[in-house]
Amino acid sequence: MAVDSVTFSPLGPPACEKDAKALQFIEEMTRNADAVQERVLSEILSRNSDTEYLQRFGLGGATDRDSFKSKVPVVKYEDLQPEIQRIANGDRSKILCSHPISEFLTSSGTSAGERKLMPTIHEELDRRTLLYSLLMPVMNLYVPGLDKGKGLYFLFVKAEAKTPGGLVARPVLTSYYKSEHFKTRPYDPYNVYTSPNEAILCADSFQSMYSQMLCGLIMRHEVLRVGAVFASGLLRAIRFLQLNWRELAHDISTGTLNPRITDPSIKKCMSDILKPDPDLADFLTSECSGENWEGIIIRIWPNTKYLDVIVTGAMAQYIPTLDYYSNGLPKACTMYASSECYFGLNLKPMSDPSEVSYTIIPNMAYFEFMPHDPSSPPPSRDNPPRLVELADVEVGKEYELVITTYAGLCRYRVGDILQVTGFHNAAPQFRFVRRKNVLLSIDSDKTDEAELQNAVQNASVLLKEFNTSVVEYTSFADTKTIPGHYVIYWELLVKDSANSPSHEVLDRCCLAMEESLNSVYRQGRVADNSIGPLEIRVVKNGTFEELMDYAISRGASINQYKAPRCVNFTPIVELLDSRVVSVHFSPAPPQWAPERRR
Ligand code: AMP
């Protein structure tokens, strides 16, 4: 349906009346970014004025920015942990938020090895739904005809736990997919999925993936876009197809469902979808039985116009592999969000990943920006950070994102570093630079330097009885394998070569490292199968000295040189690989359970 010029949006001509409203909303929000931010802060402060947390800072009912900034401190998760623990233990008083905490969202960011617990309130679901509702109207500006087919999205729910006080703790997407907002969403011809809700909501990851893939194959000609939340998820789906296409083809050929699918609701809905189709089964067999998987996505789903996956930030490492499997289809990064808060969207979703900027939508929360300049001293009590308003950030500068949410986080440091690339109306647009302190990441896991150091230390205890120590180490996220895995290079000092550690001992060191890594990593290894076994590559003595020589030859200072704890520059990885004397893999998955260790 064409829309008349009255509803024309500066972003482009909307595809339908509903889109026109959404685009108009984006225009209003971005034109009035500063006023919206002022209103949001005032709303949050007035409704939460009787919380224990805000009372502590003596705001005296003030809801203006100056009072807020002068009295309320900028905090990290660890600063809020006592309050969060009380809520988790069942204290229902107004601690952080005047509205009841409905559940905890478990972030992929960790604290002391466990997922951070983000308190949320029921109405936040409306805000998330609102941001989702803006994505297709923007996409429709760039890709016409998406109402003529479906989206093949691999979406999953994950394990849930209960806190001691009885609140559910689960990832934000699990919470969203299980909500009525998602399950009973109104029909929208521009947003029809091949995956039935029953398949998405099945907690068994094999059954969920299998049935979603099966539906995607059956509806292959209708599929116009293929996606997952992150690039790693889509590659896992391709790997799943490589491993399971025979069983899938069998089901399609016979019209019967694999007996490994036992979930009654999936069985019921698949009985309507799955009919014998020997031609499709033959096609699948001919495409998948060969060695060549290049372009498999467009061979199987020939009408795919783009891949809908986030490939910014840590996910950029998957771009070459996605290009290989899709023959370089456009990759749309549509939104920027977290467990704490959904932030914004990409107003040019078809832009190249290197050009992607996200526009923060100013009614989602109150946003502040801490200038990020690695060369100046970090903020302290005597040197408090000067935070900048959303509307006042400067193009080209980098900032750390700080949020104040309706659910009760006040001046909370998210840990993301963003760079301003420009403005849409009065709202800035940001390139996601990186998450602070993340050394290694394969899927949603984030391992920092201290965690890696601790893991190496714990593993090297196994070497003691062999009078052997790890003299140097570095790491590398190997994403050439699917799933990707951590590679740790070790240079060993073996003091007694007659009693050096055996292959098996070094294998066990891999497992000891994994046992020491955080729960998101271990969940990826155990429950999600999104991370492969950790690998230790032992390198020849003197390798790290060569690494230093190499760095110095490229201008590093001898006095200040430290071995990098993570490498990704290809010549360095090649140098390390050329010095490998033995290779070891974790012989078993580490321990993981949905319940927290502490
Ligand atoms: P979580 O707390 O597990 O929901 O993870 C949220 C984090 O994922 C954010 O703070 C970012 O570091 C990262 N993230 C989310 N969306 C994007 C994006 N579009 N591009 C890059 N990183 C993202």
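**View 1. β3 and β6 side by side.** Five bridges link β3 to β6, the strand at residues 223–230, and the two run parallel. Zoom in on G151 and you'll find its bridge partner in β6, R225. As with the other views here, this one comes from a predicted model.

**View 2. The open sheet around that pair.** Step back a little and β3 and β6 turn out to belong to an open sheet of four strands, ordered β3-β6-β7-β8 and paired in parallel. β3 (150–154) and β8 (331–332) sit at the edges with a single partner strand each, so one side of each has no neighbour in the sheet.

**View 3. The stretch UniProt calls "domain: GH3 C-terminal".** The label comes from an unreviewed UniProt entry, which puts it at residues 451–569. Within the model, that span is 36% helix and 22% strand, and its end C-alpha atoms are 22 Å apart.

**View 4. Zooming out to the whole protein chain.** Here you get 20 helices and 20 strands. The radius of gyration is 25 Å, close to the 25 Å that the globule rule gives for 598 residues, so the chain is as compact as a globular protein of that length. If you're setting up a box, the C-alpha atoms fill one of roughly 80 × 75 × 50 Å along the principal axes.

**View 5. Inside and outside of the chain.** Buried residues account for 56% of the 598. Take the contacts between residues at least 6 apart in sequence, and 68% of them join residues at least 24 apart. On the outside, the chain exposes about 25,300 Å², with carbon and sulfur atoms supplying 51% of that area.

Methods:
Residues numbered from 1 in each chain as written. Predicted model: local features only at pLDDT ≥ 70, side-chain atom pairs only at ≥ 80, totals over all residues. Heavy atoms only, no water. UniProt positions renumbered as here; feature names shortened; annotations may be inferred. Pairing = 2+ DSSP bridges. Rg over C-alpha atoms; globule rule 2.2 N^0.38 Å. Buried < 20%, exposed > 50% of the residue type's maximum accessible area, 1.4 Å probe, protein only. Contact = heavy atoms within 4.5 Å. Areas by Shrake-Rupley, 256 points an atom, 1.4 Å probe, with all protein chains shown as cover.
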